[in-house]
Each structure stands twice: as structure tokens, then as C-alpha cells.
Amino acid sequence: MESQLFLLCTCPICYNPYDAKERLPRLITCNEGHTMCSTCLSIQVNMSYPFVCPFDKQIVISVDTNISRFPINRALLDIVEEGHTNCTAHIDKKLDLVCRECKLQICDRCERKGPHQGHKVSVLEDALGETK
């Protein structure tokens, strides 16, 4: 359950947690109602026209590249604002790594002794730099 909550609060494109500033969870107006962060949405919308949902490949009608036309996923933002920046398995540890195999943010204890032991891992800041 905790890992599902973590996945829900993380952008499926860049694997960064949603926030109320640069990474607002935005709803893609496709049939499935997928969500991605505003940073990734901006990049995706500006890459091609028409914009195609990266999850179900549905063409999303958009008259321009203004991402404010995509609604904020308010229910998800409420969950995010409750604060989920620490590891759910190790409450005292920050999520400062990214497991490349599982596509999750993890703490150093999960990497060394937990379920991500032996997986390819990157430092979160390095992974963030790759998305820019």
C-alpha cells in the first residue's frame, strides 16, 4: 500500500514527487485521465503538435502549448501536500536516490539492505539533471 501511494505521488515520466510549485500534478485530457507533472507536461506539449498522451498514445486536442489549460489534479495535490518526502519504509530517511530498475525514488537504506539492493541506482539530483 505504501509503495502504491508513493507511485501515485510521483510523476511517471521523470520519477520526481509532485509538488505545489514546479511539479504540479496536471491531468492530461485523454480518455484515461492520466497525470504528469507540469514540468514534464510542458516539455511534452512543446515537443510535438498535436500533443499525444505518452501513456495511451491518444491525441490530445490543445489549441496552444499553454499547460495551464490542463487542469490540476487537486485530489492528488491534496495527498502530496500532506508530505511524503521521506521513505515510507524508513521514516527517518530522505528519498534521495532513484532506482533505475523500479523507477522509484528510494532512500540509501533501501538501496543497501532493502528491496533495491543490487539494482542500478542514481543520485536524485543527477537524475533530475538528466530530465532538463
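A disulfide is a pair of cysteine sulfur atoms within 2.5 Å. With that cut-off in hand, welcome to a short tour of this predicted model. A search of the whole structure finds zero disulfides, while two salt bridges are present. Below you will also meet two separate nonpolar cores, a helix with a buried side and a nonpolar patch on the surface.

**Cysteines**

- Let's start with Cys 102: its closest cysteine sulfur belongs to Cys 99, and the two sulfurs are 3.7 Å apart, too far for a bond.
- The limit for a disulfide is 2.5 Å, so the 3.7 Å between Cys 102 and Cys 99 does not qualify.
- Cys 102 is partly exposed, with a relative accessibility of 33%.
- For Cys 30, the closest cysteine sulfur is that of Cys 53, at 3.8 Å, which is again too far for a bond.
- Cys 30 is buried, at 9% relative accessibility.

**Nonpolar cores**

- The largest nonpolar core holds 18 residues, and those touching the most other members are Cys 11, Ile 28, Leu 41, Phe 51, Val 60 and Phe 70.
- Three elements give two or more residues to this core: strand E2 (35-37), helix H2 (38-47) and helix H3 (74-81).
- H2 provides the largest share of the core, with three residues.
- A second core, separate from this one, has eight residues, including Leu 97, Leu 104, Ile 106 and Cys 110.

**The two faces of helix H3**

- Leu 76, Leu 77 and Val 80 are the buried residues to look for in H3.
- Leu 76, Leu 77 and Val 80 sit on the same side of H3, because they cover an arc of only 100° around the axis.
- Turn to the face of H3 that points away from its buried side, and you will find the exposed residues Arg 74, Ala 75 and Asp 78.

**Salt bridges**

- Asp 108 and Lys 93 meet through their side chains in a salt bridge, with an N to O distance of 3.5 Å.
- This pair links distant parts of the chain, 15 residues apart: Asp 108 belongs to helix H4 (residues 108-113), and Lys 93 to the loop between H3 and strand E5 (97-99).
- Asp 108 also forms a salt bridge with Arg 112, at 3.1 Å from N to O.
- Here both partners, Asp 108 and Arg 112, are in helix H4, four residues apart, or about one turn of the helix.
- Together, Lys 93, Asp 108 and Arg 112 make up a network of salt bridges.
- Asp 108 is partly exposed at 23% relative accessibility, and Arg 112 is partly exposed at 42%.

**Nonpolar surface patch**

- On the surface, Val 52, Ile 59 and Ile 61 make a nonpolar patch of about 290 Å².
- Ile 59, one of the patch residues, lies in strand E4 (residues 59-60).
- The relative accessible area of Ile 59 is 47%, so this residue counts as partly exposed.

How values were computed. Residues numbered from 1 in each chain as written. Predicted model: local features only at pLDDT ≥ 70, side-chain atom pairs only at ≥ 80, totals over all residues. Heavy atoms only, no water. Buried < 20%, exposed > 50% of the residue type's maximum accessible area, 1.4 Å probe, protein only. Patch = residues over 30% accessible without salt bridge, like charges linked within 9 Å, V, L, I, M, F, W, Y side chains within 5 Å. Areas by Shrake-Rupley, 256 points an atom, 1.4 Å probe, with all protein chains shown as cover. Salt bridge = Lys/Arg side-chain N within 4 Å of Asp/Glu carboxyl O. Core = buried A, V, L, I, M, F, W, Y, C linked by side-chain atoms within 4.5 Å. Arc of directions from axis to C-beta.
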